Structures are given as structure tokens and as C-alpha cells.
Amino acid sequence: MIRYEVVGLLYTMTCPLTCAHCIVESSPKAQGKMKKEVAEGYLRVIPKYSDTVCFTGGEPFLYFNEVLDLVRQAKALGLKITMVSGAGWVRVDKAEIARERVSLLKEAGLNSLCISWDEYHEAGAPREQPLLLASLANECGLQVLVRSVIPATCNYQEQEKVFAGIPIHYQPVKLIQLGAAKKLPKEQFYQYDGLPRGRCSVVYSPAIEPDGNVYACCGPGRFSLPSSPLILGNTNREDLDTIFARATADPIFEALALVGPYGLHEILKDTPAMKDHFHPRRQYSSICDLCIDICDTPELVATLHERMNEADSKALLVAARLWYAENQRRESCGHAISNA
């Protein structure tokens, strides 16, 4: 059975920032907040499917006291805990408030803090705010990840230099043409004339929103048709355990993780369903575009489930598993040598 890398709880859709690229379209006016008792129920299910929970949003620091209690519960359940913040709540002239909050979260069991910062965030949160938050998180012993969404018009090395001197792990992510970003100028997106290739690195990171919707990821899943397998279910209609049990048994997700949407295309390419129902775009901005095109088409999804039971598709996934396991082994060995 698949184990998820992390399960994300979008505790609130509200955020003090209104970023032009926000994939979940958060803002000060965005509505939706998870009830604390509902989140507590999710936490009791998550250890069966993942070792890690992430509190995200929106801005989870807006409900600091509630999230602090949930972090304590997650720790008691044996979960690793991370949290995402855009730092819009941080006041440089009141650094002690931020220091106290970060310290209390660390004491409660928080393992790492992910700070979202890039040119889009800086429009509403000057870099002094994420810099202060990164420094304070390091000060109290948290691992710090800075995730920056990078448009085609930006050099990510210049973004990374902003945090020079602060021990962080920097993660540049290409801009995706979904959510609020759909309104951005075309030149900010990467463009591929052919079908984009690459495995999906987030399909094992499902997200649960305040309205109970559970998505396979916080990207294409949020913008898919109701029939798409990327929409895993809704916790107001069935329990989270049932939703996750069904999703972790679906071979489409393993295929997305190992061979990506292009791999699904290759499995389907000689089928009548592909000839009748797949219409390639003139250009793609990411693998997410191709993923939506396939998963939003019921005929293609049905054919995929049929093909997954055939010998050649099974052989492809076996080879992909071996390849992935070997890459993971080499990366692990390389990391051990570099730290020796």
C-alpha cells in the first residue's frame, strides 16, 4: 500500500497576502476555515497513511492557538510536523511576538517550517519579514525550507541570495498556470511545444481543504472536473480513512509518481480512447496541464484502469519502481558521503 510523503491540512483559506500567483487563491477576503475538532479527527487517521502532517493554508499562523494545540496532538500521535507560512503576519518592529510563537511551536513538536517567498510574495510582504522568520526559526532549532515560485522571467539564483547567511534549504518551483496565476502574463510561464515529461513529485502529498474536499495534490486536483481521480473525495460524505484507502489502491497515482503524465500518455497512446478523446494543446506550461487533460477525461481514465492490469503496463511500473529505488539509494549514499 502507498504511504503518503505528507498530508496537508489547509487550515484556513484566509491570508494577509494577496499573491498574484497563489494556486489556492488565498487572500484577506478568502473564506473557509477548518473546525478544530474536524482537524483532530483527521490527525487520528493520518498515521495509518503517512508519517508527516503539514499545516498550511492560507496562513495557519492566523489561528495560532488552535494550530499550536493541533501540533501537540500530532506529536502525541507520533507524526512529524511541518508548517507553511507566507510571513505576512510577521512584524519586524515586534520581533518578540514572532520569536515567542515559533518557540512555542518548536516546544509543542513542530519539526520544520516552510516559508513561501518569491517576487509575488514580496509585493505584499517585504523580504525583511521572511528573513526575520527564517532567522528566528533557525534560532530555536527548526529546519527551515524556503520555497520560491519562479516564473520564466526570473533567475532563481538571485532569489536564493536573499537568504544568504541563513541556514536554509532552498526549493525553487516553476510557476504553474493554475489558480490566481491564470491571470498573469503569458511570458511568465514556461512553454513546451511537445508533451511535457517528468514524474510528479507531489501526487503523494494529498491536501484536505476546509470544505472537506480531499485532493491528490494542491495543484491540478483543485481545478479538475468532479469525475477526475485527482479529486479523492469529500469528508462530509465519507470518512477520511475510506477516502485514503481507495486512493492508495489506485494504480494511476503510482504511475504519476513514477512515470508522470507523459507515462500515462504512453500507456494510452495506441488505444481507441486516446485517438477519440485526447486533443493535445498547442503548448504546455507544465506537466500539470497534461495531467488535467488526461484525468479530466473519463474515457481515458477508464482505459487507464484497464491497461494497468495488462502485462506491458505492469512491466513498465515494475521497471519504474526499480529505477526510482536505485535513484533514491544513490541519492542517499551521496548524502551520507557528503556529510561524512
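**Exercise 1. The contact of helix 3 with helix 5**

Which residues in helix 3 meet which residues in helix 5? Work from the predicted model, and then describe the geometry of the pair.

*Solution.* Begin with the residues themselves: on the side of helix 3 these are Ala 95, Ala 98, Arg 99 and Val 102, and they meet Leu 132, Leu 133, Leu 136, Ala 137 and Glu 139 in helix 5. Sorted by class, this contact has seven nonpolar, no polar and two charged residues. Turn next to the axes, since two packed helices are described by the angle between their axes and the distance between the axes. The axes of helix 3 and helix 5 (residues 128-139) come within 9 Å and cross at roughly 45 degrees, which makes helix 3 oblique to helix 5. The handedness of this crossing completes the description: helix 3 and helix 5 cross in a right-handed manner.

**Exercise 2. The contact of helix 2 with helix 3**

Determine how helix 2 and helix 3 are oriented to each other, and list the residues that make their contact.

*Solution.* The first step is the geometry: helix 2 (residues 64-76) packs with helix 3 (residues 95-108) at an angle of about 20 degrees, and their axes are 8 Å apart. Because angles under 35 degrees count as roughly parallel, helix 2 and helix 3 are roughly parallel to each other. Helix 2 passes helix 3 in a right-handed crossing. The second step is the list of residues, in which helix 2 contributes Phe 64, Leu 68, Val 71, Arg 72 and Lys 75, while helix 3 contributes Arg 101, Leu 104, Leu 105, Glu 107 and Ala 108. By class, the contact of helix 2 with helix 3 has six nonpolar, no polar and four charged residues.

**Exercise 3. The nonpolar cores**

Which residues have the most contacts inside the largest nonpolar core, and which helix gives the largest share of this core?

*Solution.* The largest nonpolar core has 85 residues, and those with the most contacts inside it are Leu 9, Phe 55 and Phe 244. The largest share of this core, 11 residues, comes from helix 8 (residues 251-268). A second core, separate from the largest one, has 16 residues, among them Leu 10, Cys 19, Val 149 and Phe 189. To follow one residue in detail, take Phe 55: when its neighbours within four places in sequence are left aside, its contacts include Leu 9, Leu 43, Pro 60, Val 67, Leu 70 and Val 71, as well as Ile 81, Thr 82, Met 83 and Val 84.

**Exercise 4. Backbone features in loops**

Decide whether Glu 25 and Ala 87 are buried, partly exposed or exposed, and place each in its loop.

*Solution.* Glu 25 is in the loop between strand 1 (7-12) and helix 1 (36-45), and its phi, near 55 degrees, is a positive value in a residue other than glycine. Its relative accessibility is 44%, so Glu 25 counts as partly exposed. Ala 87, in the loop between strand 3 (80-85) and helix 3, also is not a glycine and has a positive phi, of about 65 degrees. At 0% relative accessibility, however, Ala 87 counts as buried. A further backbone feature is the cis peptide bond from Gly 57 to Gly 58, with omega near 20 degrees; Gly 58 lies in the loop between strand 2 (52-57) and helix 2.

**Exercise 5. The surroundings of Pro 229**

Where is the place of Pro 229, and which residues does Pro 229 touch?

*Solution.* Pro 229 is in the loop between strand 8 (213-215) and strand 9 (231-234), and its relative accessibility of 12% means that Pro 229 counts as buried, the cut-off being under 20%. Not counting residues up to four places away in sequence, Pro 229 touches Asp 250, Ile 252, Phe 253, Cys 295 and Val 301.

Note on methods. Residues are numbered from 1 along each chain as its sequence is written. This is a predicted model: local features need pLDDT of at least 70, side-chain atom pairs count only at pLDDT 80 or more; totals for chains, interfaces and linings use all residues. Side-chain values use heavy atoms; hydrogens and water are left out. Axes are lines fitted to C-alpha atoms, for helices over the stretch in contact, and angles run from 0 to 180 degrees between N-to-C directions. Helices (H or I, at least four residues) and strands (E, at least two) are DSSP runs, numbered from the N terminus. Angles under 35 degrees count as roughly parallel, over 145 as roughly antiparallel, 65 to 115 as roughly perpendicular and the rest as oblique. A crossing is left-handed if the near helix is turned anticlockwise from the far one by less than a right angle, and right-handed if clockwise. Contact means heavy atoms within 4.5 Å. Ala, Val, Leu, Ile, Met, Phe, Trp, Tyr, Cys and Pro count as nonpolar, Asp, Glu, Lys and Arg as charged, and the others, Gly among them, as polar. A nonpolar core is a set of buried Ala, Val, Leu, Ile, Met, Phe, Trp, Tyr and Cys residues joined through side-chain atoms within 4.5 Å. Buried means under 20% relative accessible area, exposed over 50%, partly exposed in between (1.4 Å probe, protein chains only).
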